[in-house]
Amino acid sequence: REWPAYERYGGIYSYPINTLFSSARINPSLWAPKIDNIKVKGYAALAGVLGNLYGLDIDYYVSVDLKGFRNAIDALGGAMIDVQTPVYDYHYPADDGLYGHMKIYVPPGVQFMDGRHALAYARARKLTSDFDRADRQQRVVTSVREQVDLSRLLTPGVIEDLLQTVKKYVRTDIPVAKIPKLISLA
């Protein structure tokens with residue numbers, strides 16, 4: 001309620017939640033007025049709105065770029081994923097850096113996916129629901145987590161690739177001193 005955006009939107013942000021981040025970056029004076037760094041206003045807006053919605057204090061954020069997701073899975077050697085139901089998206093964003101679209105189809109069954117295919121499986125949104133998509137995203141993360149083993153991590157270059165991916169594609173405001181505790185929770 002202390003943000004100008006509260007009054008501007010009448011206390012209700014009626015647009016899709018994924019537009020909030022961009023709105024805060026485009027109109028920084030409306031969001032988190034006590035934060036001077038425009039680069040973090042989008043995160044502050046999301047934390048504030050979602051915290052208010054769920055009745056939580058959100059202290060920190062972690063943002064993973066989609067390329068980082070893809071690269072991390074590739075660095076780990078891909079993953080076997082049990083696709084429960086087929087996924088078809090006739091309007092999936094092209095991954096060639098252009099604004100085109102392509103059709104994707106992921107049949108049911110256990111299948112190996114590299115980062116590009118795992119990302120498409122997790123992100124597909126046409127002809128499906130947000131709940132289905134959230135389930136697929138969780139399935140990918142769980143599959144990768146269950147399949148990572150120490151021998152793979154110790155393969156020459158893997159840890160270096162993961163560190164470069166994290167450095168390039170992950171943004172957070174979690175203090176460095178808290179990272180070991182977070183890792184132990186994971």
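Helices, meaning DSSP runs of H or I with at least four residues, and strands, meaning runs of E with at least two, are numbered from the N terminus. The exercises below use this numbering on a predicted model.

**Exercise 1. Place Ile58 and describe its surroundings.**

Step 1. Helix 3 covers 38–54 and strand 1 covers 62–64; Ile58 sits in the loop between them.

Step 2. A residue is buried under 20% relative accessible area and exposed over 50%, with partly exposed in between. Ile58 has 36% relative accessibility, so this residue is partly exposed.

Step 3. Apart from neighbours within four places in sequence, Ile58 contacts Ala47, Leu50 and Gly51.

Step 4. Tyr121 is 63 residues from Ile58 along the chain, and the C-alpha atoms of the two are 29 Å apart.

**Exercise 2. Give the overall composition of the protein: how many helices and strands does the protein have, and what percentage of its residues is buried?**

Step 1. The count is 9 helices and 6 strands.

Step 2. Of the 186 residues, 27% are buried.

Step 3. The exposed surface comes to about 12700 Å², with 57% of it supplied by carbon and sulfur atoms.

Step 4. Along the principal axes, the C-alpha atoms fill a box of roughly 50 × 40 × 30 Å.

Step 5. Taking contacts between residues at least 6 apart in sequence, 59% join residues at least 24 apart.

Step 6. For charge, there are 23 positive and 20 negative side chains, and the centres of these two sets are 4 Å apart.

**Exercise 3. Work out whether helix 4 and helix 8 are roughly parallel or antiparallel, and list the residues that meet.**

Step 1. Helix 4 spans residues 66–75 and helix 8 spans residues 158–169. Their axes come within 9 Å and cross at roughly 175°.

Step 2. Angles over 145 degrees count as roughly antiparallel. Helix 4 is therefore roughly antiparallel to helix 8.

Step 3. From helix 4, Lys67, Gly68, Asn71, Ala72 and Ala75 take part; they meet Val158, Asp161, Leu162, Thr165 and Tyr169 of helix 8.

**Exercise 4. Do the same for helix 5 and helix 6, then look at Arg133 and Asp132.**

Step 1. The axes of helix 5 (residues 115–123) and helix 6 (residues 130–147) cross at roughly 150° and come within 7 Å.

Step 2. Helix 5 is thus roughly antiparallel to helix 6.

Step 3. On the helix 5 side, the contact uses Ala118, Tyr121, Ala122 and Arg123; on the helix 6 side it uses Arg133, Arg136, Gln137, Arg139 and Val140.

Step 4. Arg133 belongs to helix 6. Its relative accessible area is 16%, so Arg133 is buried. Leaving out residues up to four places away in sequence, Arg133 touches Ala122, Arg123, Ala124 and Arg125.

Step 5. Asp132 is also placed in helix 6. At 40% relative accessibility, Asp132 is partly exposed. The C-alpha atoms of Asp132 and Trp31 are 31 Å apart, with these positions 101 residues apart along the chain.

**Exercise 5. State what is notable about the phi of Leu127 and where this residue is found.**

Step 1. Leu127 is in the loop between helix 5 and helix 6.

Step 2. Most residues other than glycine have a negative phi.

Step 3. Leu127 is not a glycine, yet its phi is positive, at about 60°.

Step 4. With a relative accessible area of 64%, Leu127 is exposed.

Key:
Residues are numbered from 1 along each chain as its sequence is written. This is a predicted model: local features need pLDDT of at least 70, side-chain atom pairs count only at pLDDT 80 or more; totals for chains, interfaces and linings use all residues. Side-chain values use heavy atoms; hydrogens and water are left out. Buried means under 20% relative accessible area, exposed over 50%, partly exposed in between (1.4 Å probe, protein chains only). Contact means heavy atoms within 4.5 Å. Accessible areas come from the Shrake-Rupley method with a 1.4 Å probe; for residues, only the protein chains shown count as cover. Lys and Arg count as positive and Asp and Glu as negative; His and the chain ends are not counted. The place of a charge is taken as NZ of Lys, CZ of Arg, CG of Asp or CD of Glu. Axes are lines fitted to C-alpha atoms, for helices over the stretch in contact, and angles run from 0 to 180 degrees between N-to-C directions. Angles under 35 degrees count as roughly parallel, over 145 as roughly antiparallel, 65 to 115 as roughly perpendicular and the rest as oblique.
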